[in-house]
Amino acid sequence: MTKTIRLTMAQALTRFLASQMTVIDGRKVPVFAGVWAIFGHGNVAGLGEALYQVRDELPTYRAHNEQAMAHAAIAFAKASFRRRMMAVTSSVGPGATNMVTAAALAHVNRLPLLLLPGDVFANRIPDPVLQQVESFGDGTVSANDCFRPVSRYFDRITRPEQIIPALARTMAVLTDPAECGPVTLALCQDVQAEAYDYPESFFDERVWTTRRPRPDRDELAAAVELLKSAKKPLVIAGGGVIYSQASNELKAFAEAAGIPVCETQGGKSSLPDNHPLNMAAIGVTGTSAANRLAEEADVILAVGTRLQDFTTGSWALFRNGDKKFIGLNVQAFDAGKHRAAALVADAREGLLELAAATAGYKAPVSWAENARQGKAEWHKAAAEVTGPTNAVLPSDAQVIGAVQRTMGSAATVLHAAGGLPGEMHKLWQAGAPGSYHAEYGFSCMGYEIAGGLGAKMAKPDDEVVVMIGDGSYLMLNSEIATSVMLGQRITIVLLDNRGFGCINRLQMGTGGANFNNLLKDSRHEVLPDVDFVGHAKSLGAISEKVASIAELESALARAKQNDRTTVVVIDTDPLVSTDAGGTWWDVAVPEVSPRPQVNAARKAYEEKLKLQHIGD
């Protein structure tokens, strides 16, 4: 007879989560590092009580914003190479819908995140409960249905025993390298408190390891044939290289064959910046070294990348008419994009087998020399824009140079939307794999500070530096207080260009008038004069404003010695970006306009469209 234990559904859920383990560096550790929680009427009595009972095995962390705590969980998973993760719970209603943006972010970036929003009563007796969204034509709808399109797996738990198959599916999705993404289990609030006789075996400890599928024999043979025929081969390293922890295998493969490597936003730091074959960033925010090779390449091995438009220059970057793509990806959906020869496999295993099967192949010496020359030219151009300056309003690039000189490549640097990702992708000289932490898949303003907290929790011994603009800071800054409360020291460099400078530059570049982006160009009676230093101090951080690049470097040196989170504010120029590198990006310009500037931009846009290789 099966031995059972009587628990509430919420108690069963938390006990199950606490029993899931993995092995990292030979040490067994919990898969779930904790649960972020903001309690409300829809989760405090059921799940809140259950979390209290397991608080030593499954820590609960309190935050100030539901979206932010989910961002912290996502950053933790990213910094852990998807080997460990966190869960996040909120009440039904606005707490739940606040997390939808984070769910979309995790979905786009293929990162594991367990969302546990409270839900309406399954028995429907008290309907409409506080915060319930009522559909006039569907009695089964709740606000949590918003999670369906941005979850890899969605379930609504309306009976306590349903948690058994639901959690089995949850773990399968969260730990699968191909299916990985957010899981939403909407927990009806009455069912959280209902008891059931659960089999004791449901709570047995289970150790999860990384699945590493190997290539199909025929797909491997086709990829090898293409590579051996290449005269101008190129590797694009995407985030899959980082998640697979395949940097050593990439390095060995590239060195043996003499193939240059370039990196997407997600793949940057796959190789250290100082590796001679690393051409660094590719695409719209790419280096001249990488993009020049991409234009000429005849065989492109895309490893662990989604080939999104910033990487491909909206499919105008790769200009060799005879080019062929090989898509090495654990997810078949990505491997076959743009008519690539699909090689469905784990990045590490795929690179190992490619290296063995192409042993003896070497790219032409002239191609490797071309790459080395291009890299030297790029480093010279990058040094010019990142060097010390006495400018009253330094550029983003000059701030990046100061951070690089002071914090070094050993630091983990984190950023997200706006102008910084473009400049960082080009200019930051990354060190160890994962030390460059960009959220540019969803380009989500507000990720930065919460993400920095999550990254620090995953990498407590690293210096974690958050680069953020004033626009993102004003959107979501509350987890500065949480970082102080938890003793998780991060350094935040706040670049104040008095508005949304990146989009203002894009607006100007497409013929638009300066409108509604910089504060001075927005409707106003009085221009805001935000005291960022005072605000950060009010949240418990150490904070100061600097007036020059030299002062910034001194402040950053002090920040490394501080005992808690530090915010350093510097005014920057909103109009300056790095001209060197980069390539075209498809941003549609109006066909008809009364403004000559827009008409001129449209004409230039139509010329660029001719560069696109439709269907390639």
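Contact here means heavy atoms within 4.5 Å. The structure is a predicted model. Its largest nonpolar core has 77 residues, and the structure holds 27 salt bridges.

**Nonpolar cores**

- In general, nonpolar side chains tend to be buried together in soluble globular proteins.
- Within the largest core, the residues with the most contacts are L354, M467 and L552.
- Helix 16 gives the most to this core, with six residues.
- A second core lies apart from the largest one and has 53 residues, including V88, A106, A455 and V569.
- Leaving aside neighbours within four places in sequence, M467 is in contact with V399, I400, V403, V413, L414, H415, L420, M424, E448, V493 and L495.

**F532**

- F532 is found in helix 22, which covers residues 532-538.
- F532 counts as buried because its relative accessibility is 5%, the limit being under 20%.
- Beyond its neighbours within four places in sequence, F532 is in contact with D470, Y473, L474, L494, D496, S543 and V569.
- One of these partners, Y473, is 59 residues from F532 in sequence, with a C-alpha to C-alpha separation of 9.0 Å.

**Surface patch**

- A nonpolar patch on the surface is formed by M475, F500, I503 and L506, which together have about 330 Å² of accessible area.
- M475 lies in helix 19, residues 470-475, and is partly exposed, with a relative accessible area of 47%.

**Salt bridges**

- D145 and R156 meet through their side chains at 3.0 Å, N to O.
- This pair links distant parts of the chain, with D145 in the loop between strand 7 (113-119) and strand 8 (153-157), and R156 in strand 8, 11 residues apart.
- D145 and R156 are both buried.
- R489 forms a salt bridge with E463, in which the closest N and O atoms are 2.8 Å apart.
- R489 sits in the loop between helix 20 (479-485) and strand 21 (491-496), while E463 sits in the loop between helix 18 (447-458) and strand 20 (464-469), 26 residues apart.
- R489 counts as buried, at 15% relative accessibility.
- One network of salt bridges that share partners joins D119, D145, R148 and R156.
- In helix 15, R372 and E369 are three residues apart, about one turn of the helix, and their side chains form a salt bridge at 3.3 Å, N to O.
- R372 is partly exposed at 40% relative accessibility, and E369 is partly exposed with a relative accessible area of 40%.

**T389**

- T389 is placed in the loop between helix 15 (365-386) and helix 16 (396-407).
- A polar atom of the T389 side chain lies 3.0 Å from the backbone nitrogen of A391.
- Outside its neighbours within four places in sequence, T389 is in contact with P394, Q398 and I549.

How values were computed:
Residues numbered from 1 in each chain as written. Predicted model: local features only at pLDDT ≥ 70, side-chain atom pairs only at ≥ 80, totals over all residues. Heavy atoms only, no water. Helix = DSSP H or I, 4+ residues; strand = E, 2+ residues; numbered from the N terminus. Polar contact = N/O pair within 3.5 Å; in protein donor to acceptor, adjacent residues only side chain to side chain. Patch = residues over 30% accessible without salt bridge, like charges linked within 9 Å, V, L, I, M, F, W, Y side chains within 5 Å. Areas by Shrake-Rupley, 256 points an atom, 1.4 Å probe, with all protein chains shown as cover. Salt bridge = Lys/Arg side-chain N within 4 Å of Asp/Glu carboxyl O. Buried < 20%, exposed > 50% of the residue type's maximum accessible area, 1.4 Å probe, protein only. Core = buried A, V, L, I, M, F, W, Y, C linked by side-chain atoms within 4.5 Å.
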